[in-house]
Amino acid sequence: MADEPLVLGIETSCDETGIGIVRGTTLLADAVASSVDEHARFGGVVPEVASRAHLEAMVPTVRRALADAGVTMNDIDAIAVTSGPGLAGALLVGVAAAKGYAVALDKPLYGVNHLASHVCVDQLEHGKLPEPCMALLVSGGHSSLLLVPDITADVRPLGSTIDDAAGEAFDKVARVLGLGFPGGPAIDRWAEAGDRKAIAFPRGLTGPRDAPFDFSFSGLKTSVARWVEARERAGESVPIADVAASFQEAVVDVLTRKAIRACKENGVEHLMMGGGVSANSRLRALAQERCDAAGIVLRVPRPGLCTDNGAMVAALGAELVARDRAPSTLSIPADSSMPVTVTQAAS
């Protein structure tokens, strides 16, 4: 095997079929087939629809990634796949495909953690992760603060959402405002024309007795819905841009405030952001502003690498190979509740 392994990564934890090919820390291909349009009419991801879409997209997306990278399957040194967490049926498709490729090619298989992959993908853009670093992961299913001394073996959760994740709150508020699905990009666009100080929406779990690094966005979502309903009952128009901007500000204020506090209290000088919500323009801007003020270095991948993709899985797989971690066995499960402390499935 070459000093820099050529790793193919498979991601099917939700509604994106992602295939990435990485050599060391160099991204060669990032092919994604999304089924988001199929879910839009339901206002959210339907697990059965997602699973069937993965089945249909798997082989064509693998072929596209190989063509983009200019390599063949015989050139691949290892296969990495998201083993969890995620939607059980969707994960099963990816894990089964990865096992098939690993057996057919006689290559090592690495079942990796979805959240750890979101952290590791930053290496493809900004070089090796500083260790330790702090990771703020924000998506439709997760809002987490992680202390990462070793991305391949030591990921420590400091806090997470106790109810709605940030991305889920974006989707639900967008539905209240009639902005469609997915809600994050729509709210980000509308917020550009709004006043983020127009409405004083609550900041959850920010009191002196609250868990310092946990998140709660359910109350915020409810507050927005009630505010909109009150306007409509009064026969008044709803200022969508102001609501979007004020809601978005409430979310990013809490996320960045807690992330900076976590860095300071743990003596960490680098903050990495990942997950789909990290593509949000206001979150990026406020995080940069607060990191600069605190003397913390912010690392955020480009938006295309923040959402679910195969590149992040390949990146973590390549790091596991580079550090000579033992591969997983062919008995690895699709674990929908895989804890973030488990970077790699059982070997």
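**View 1. Strand 9 and strand 10 pair in the parallel sense.** In this predicted model, strand 9 covers residues 270–274, and three bridges join strand 9 to strand 10. Within this pair, Leu271 stands opposite Leu298 of strand 10.

**View 2. Five strands form an open sheet with mixed pairing.** The order of the strands across the sheet is 8-7-6-9-10. Strand 8 (154–160) and strand 10 (297–299) are the edge strands, and each of them pairs on one side only. From one strand to the next, the twist averages 25°.

**View 3. Helix 9 lies across four strands: strand 6, strand 7, strand 8 and strand 9.** Helix 9 is made of residues 240–266. Strand 6 spans 133–138 and strand 7 spans 143–150. Helix 9 runs at about 160° to strand 6.

**View 4. Gln123 is a residue of helix 5.** Helix 5 consists of residues 123–126. Gln123 counts as buried because its relative accessibility is 3%, and buried means under 20%. Apart from neighbours within four places in sequence, Gln123 is in contact with Thr25, Lys128, Leu129 and Glu319.

**View 5. The protein chain, shown for context, has twelve helices and ten strands.** Its radius of gyration is 20 Å, close to the 20 Å that the globule rule gives for 347 residues, so the protein chain is as compact as a globular protein of that length. The C-alpha trace spans about 65 × 45 × 30 Å along its principal axes. Of the 347 residues, 53% are buried. The protein chain exposes about 13,900 Å², and carbon and sulfur atoms supply 50% of that area.

Note on methods. Residues numbered from 1 in each chain as written. Predicted model: local features only at pLDDT ≥ 70, side-chain atom pairs only at ≥ 80, totals over all residues. Heavy atoms only, no water. Pairing = 2+ DSSP bridges. Helix = DSSP H or I, 4+ residues; strand = E, 2+ residues; numbered from the N terminus. Axes fitted to C-alpha atoms, helices over the stretch in contact; angles between N-to-C directions. Contact = heavy atoms within 4.5 Å. Buried < 20%, exposed > 50% of the residue type's maximum accessible area, 1.4 Å probe, protein only. Rg over C-alpha atoms; globule rule 2.2 N^0.38 Å. Areas by Shrake-Rupley, 256 points an atom, 1.4 Å probe, with all protein chains shown as cover.
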